[in-house]
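Grab a pencil and open the viewer. Let's work through a few exercises on the structure below, one small step at a time.

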Amino acid sequence: MEQQYSDGRETQDMDSLWQAYAKEKTVEIRNKIAEHYLPLVKMTAGRLAISLPPHVDRDDLLSSGFFGLLDAIDRYDLTRKNKFETYASVRVRGAMLDYLRSKDWVPVSTRQRIRKYEQAVYQLESELGRAATDEELAERLGISADDLDTLERQVSAATVIPLDEYLHYDTPAPESQGPTAKLEKQELKEILAKSIDKLPPKEKTVVTLYYYEEMTLREISLVLHLTEARISQLHAKAVIRLRGFLASEYGDKAV
């Protein structure tokens, strides 16, 4: 779902601002351009909410995205004729993810439990040839259903959109990326598309709505009539399964 930022008249105004900024890069003109595209920053933050623990400061996330927007404005080349929203969304999302990765909010002990969970999912589903049920996972891990639920919530809090770079088809490849790397990335996308079909129905729906329909966490929760916390949990479980599929079919470099 593409965000609409302007009508025809505003488009003309923005064209004038871009032309003015190309001639004279003043802070005043840059700030006017940035103000127009603030909805893009807010929209990106709303989509990232699917994988954020409650204690992450959303204002800091927005601030990092805003600096990503300023960077995009400074680097944007009008002569290349590519759409600014597409270019900026990559920079904004990247700035937010860099901020999130810089915050190590998961204790080492929890990371160890999460790693054990990931290995159990991968091994069990490799043996079964299908998605494992919660009961089968709990039995493999030697824990109760309640403990499994707690662990999966921890997994959810530690999952920061690790599939984004593979599932965003509209993201332009870096100029420095060679033909081989581009082919490998396309192959990963194809493997992921096949792997998504193997997910349990609810997880498949969450992944489809989030990555392909580009819905926010709140929008998905309204569609599925589930809490936002439950949607985050389903997303994290899907990510673990998909990473397992990638590891088994493509090798460890995929994850």
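Here come five exercises, each with a worked solution.

Before you start: this is a predicted model, so local features need pLDDT of at least 70 and side-chain atom pairs count only at pLDDT 80 or more, while totals for chains, interfaces and linings use all residues. Residues are numbered from 1 along each chain as its sequence is written, and side-chain values use heavy atoms, with hydrogens and water left out.

**Exercise 1: The cores**

Task: Find the residues that touch the most other members of the largest nonpolar core, and the helix that gives the most to this core.

Solution.
Step 1. Get the term straight: a nonpolar core is a set of buried Ala, Val, Leu, Ile, Met, Phe, Trp, Tyr and Cys residues joined through side-chain atoms within 4.5 Å. Buried means under 20% relative accessible area, exposed means over 50%, and partly exposed is in between (1.4 Å probe, protein chains only).
Step 2. The largest core has 48 residues, and Trp18, Ile33, Leu69, Ile73, Phe84 and Ile220 touch the most other members.
Step 3. The top contributor is helix α5 (residues 84-102), with eight residues. Helices here are DSSP runs (H or I, at least four residues), numbered from the N terminus.
Step 4. There's another core apart from this one, made of 14 residues, including Leu124, Ala132, Leu137 and Val155.
Step 5. Now zoom in on Ile73. Leaving aside neighbours within four places in sequence, Ile73 is in contact (heavy atoms within 4.5 Å) with Trp18, Tyr21, Arg30, Ile33, Ala34 and Phe84.

**Exercise 2: Leu124 and its surroundings**

Task: Is Leu124 buried or exposed, and which residues is Leu124 in contact with beyond four places in sequence?

Solution.
Step 1. Locate Leu124: you'll find this residue in helix α6 (residues 108-128).
Step 2. The relative accessibility of Leu124 is 6%, so Leu124 counts as buried.
Step 3. Skip the neighbours within four places in sequence, and the contacts of Leu124 are Ala132, Glu136, Leu137 and Arg140.
Step 4. Take Leu137 from that list: Leu124 and Leu137 are 13 residues apart along the chain, and their C-alpha atoms are separated by 7.6 Å.

**Exercise 3: Two more buried residues**

Task: Work out where Leu242 and Ser221 lie, then look at their accessibility.

Solution.
Step 1. Leu242 belongs to helix α13 (residues 228-249). With a relative accessible area of 0%, Leu242 is buried.
Step 2. Along the sequence, Leu242 and Leu192 are 50 residues apart, yet C-alpha to C-alpha they are 7.0 Å apart in space.
Step 3. Ser221 sits in helix α12 (residues 217-224). Its relative accessibility is 6%, which means that Ser221 counts as buried.
Step 4. Beyond four places in sequence, Ser221 is in contact with Leu226, Thr227, Glu228 and Ile231.

**Exercise 4: Salt bridges**

Task: How many salt bridges does the structure hold? Then look at some of them up close.

Solution.
Step 1. The rule: a side-chain nitrogen of Lys or Arg lies within 4 Å of a carboxyl oxygen of Asp or Glu. The structure holds 13 salt bridges.
Step 2. Arg115 pairs with Glu118, with their closest N and O atoms 3.2 Å apart. The two are three residues apart in helix α6, so about one helical turn separates them. Arg115 is partly exposed at 47%, whereas Glu118 is buried at 15%.
Step 3. Glu136 bridges to Arg130, and here the closest N and O atoms are 2.8 Å apart. Glu136 is partly exposed at 23%, and Arg130 is partly exposed at 38%.
Step 4. Asp197 and Lys204 meet in a salt bridge too (3.3 Å, N to O). Asp197 is exposed at 53%, and Lys204 is partly exposed at 30%.
Step 5. Finally, look for a network: salt bridges link Asp71, Arg75 and Arg91.

**Exercise 5: Aromatic rings**

Task: What kind of aromatic pair do Tyr37 and Phe84 form?

Solution.
Step 1. Rings of Phe, Tyr and Trp (its six-membered ring) pair if their centres lie within 6.5 Å; planes under 30 degrees apart count as stacked, over 60 as edge-to-face and the rest as tilted. This rule gives six aromatic pairs.
Step 2. For Tyr37 and Phe84 the centres are 4.7 Å apart and the planes are at 55°, a tilted pair.
Step 3. Tyr37 lies in the loop between α2 (27-36) and α3 (38-48) and Phe84 in helix α5, so the pair ties together parts that are 47 residues apart in sequence.
Step 4. Tyr37 is buried at 5%, and Phe84 is buried at 3%.
Step 5. Widen the view: Trp18, Tyr37, Tyr76, Phe84 and Tyr87 form one aromatic cluster.
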